[in-house]
Amino acid sequence: MAQRWNTMRDLMSLQEHMNRLFEDAAERRAREGESREDDIEHADWVPAADVFEDETEFLIALDLPGIRRDGLDVGLDDNHLTIRGERAAPSENLHQRRAERPTGRFIRSFTLPETVERAGIAADYHDGVLRLRLPKRHEQTSRRVEIKVS
């Protein structure tokens with residue numbers, strides 16, 4: 001059985017690949033000792049995200065455990081939704097034996113489809129998960145065209 005083409009999934013996959021390419025390029029530049037002054041924006045890590053869709057909305061869920069709510073910034077610029085924040089390194093004076101949880105600045109950006117009603121975007125943050133609800137526009141799929149008599 002052939003796999004059904006899913007536009008949103010394919011776009012999100014492409015975006016993830018592009019994000020990783022930009023991250024790799026930034027890391028290479030840092031290793032080569034180039035200045036970060038001309039970089040668009042620096043991020044130390046990228047949070048994991050899931051994207052869901054139904055008839056009425058898209059839902060984006062980002063894993064951000066340990067991030068304070070007041071340290072999150074969600075912005076909308078044209079057709080890009082961007083989430084920024086920072087996770088501080090542990091302040092305890094303990095010798096760290098293993099470091100698996102990323103620290104530092106993070107950024108995650110999504111290109112929104114034209115079907116999203118930008119004014120209706122809402123966010124909630126609970127138990128370390130940021131949920132962004134992106135409602136779809138209610139557009140008429142068909143309409144009658146009136147014929148004027150001249």
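Biologist: What pattern does the protein follow, read along the sequence?

Modeller: In this predicted model, the protein reads α-β-β-β-β-β-β-β along its sequence, which comes to one helix and seven strands.

Biologist: Which of those elements has the lowest mean pLDDT, and which the highest?

Modeller: Helix 1, covering residues 7-31, has the lowest mean at 75, whereas strand 7, covering residues 129-135, has the highest at 97. For the protein as a whole the average pLDDT is 84, and 85% of the residues score at least 70.

Biologist: And where does pLDDT stay under 50?

Modeller: That happens over residues 34-39, for which the model has seven contacts beyond four places in sequence. Where pLDDT is low, the predicted coordinates should not be read in detail.

Biologist: Switching topic, what share of the residues is buried?

Modeller: Buried residues account for 23% of the 150 residues in the protein, and the area that the protein exposes is about 12000 Å², with carbon and sulfur atoms supplying 49% of it.

Biologist: What about contacts between residues at least 6 apart in sequence, how many of them join residues at least 24 apart?

Modeller: Of the contacts in that group, 56% join residues at least 24 apart.

Biologist: OK, pockets now: what volume does the second largest one have, and which residues lie nearest its centre?

Modeller: Its volume is about 290 Å³, and among the 16 residues that line the second largest pocket, R87, A88, A89, P90 and T103 lie nearest its centre.

Biologist: How does that lining divide into nonpolar, polar and charged?

Modeller: The lining of the second largest pocket has six nonpolar, four polar and six charged residues.

Technical notes. Residues are numbered from 1 along each chain as its sequence is written. This is a predicted model: local features need pLDDT of at least 70, side-chain atom pairs count only at pLDDT 80 or more; totals for chains, interfaces and linings use all residues. Side-chain values use heavy atoms; hydrogens and water are left out. Helices (H or I, at least four residues) and strands (E, at least two) are DSSP runs, numbered from the N terminus. Buried means under 20% relative accessible area, exposed over 50%, partly exposed in between (1.4 Å probe, protein chains only). Contact means heavy atoms within 4.5 Å. Accessible areas come from the Shrake-Rupley method with a 1.4 Å probe; for residues, only the protein chains shown count as cover. On a 1 Å grid over the protein atoms alone, a cavity is a set of points where a 1.4 Å probe fits but cannot get out, and a pocket is an open set with protein on both sides within 12 Å along at least five of seven lines; lining residues have an atom within 4 Å of a point. Grid points are joined across faces, edges and corners, and a volume is the space filled by probe spheres set on the points. Ala, Val, Leu, Ile, Met, Phe, Trp, Tyr, Cys and Pro count as nonpolar, Asp, Glu, Lys and Arg as charged, and the others, Gly among them, as polar. pLDDT is the predictor's confidence in each residue, from 0 to 100.
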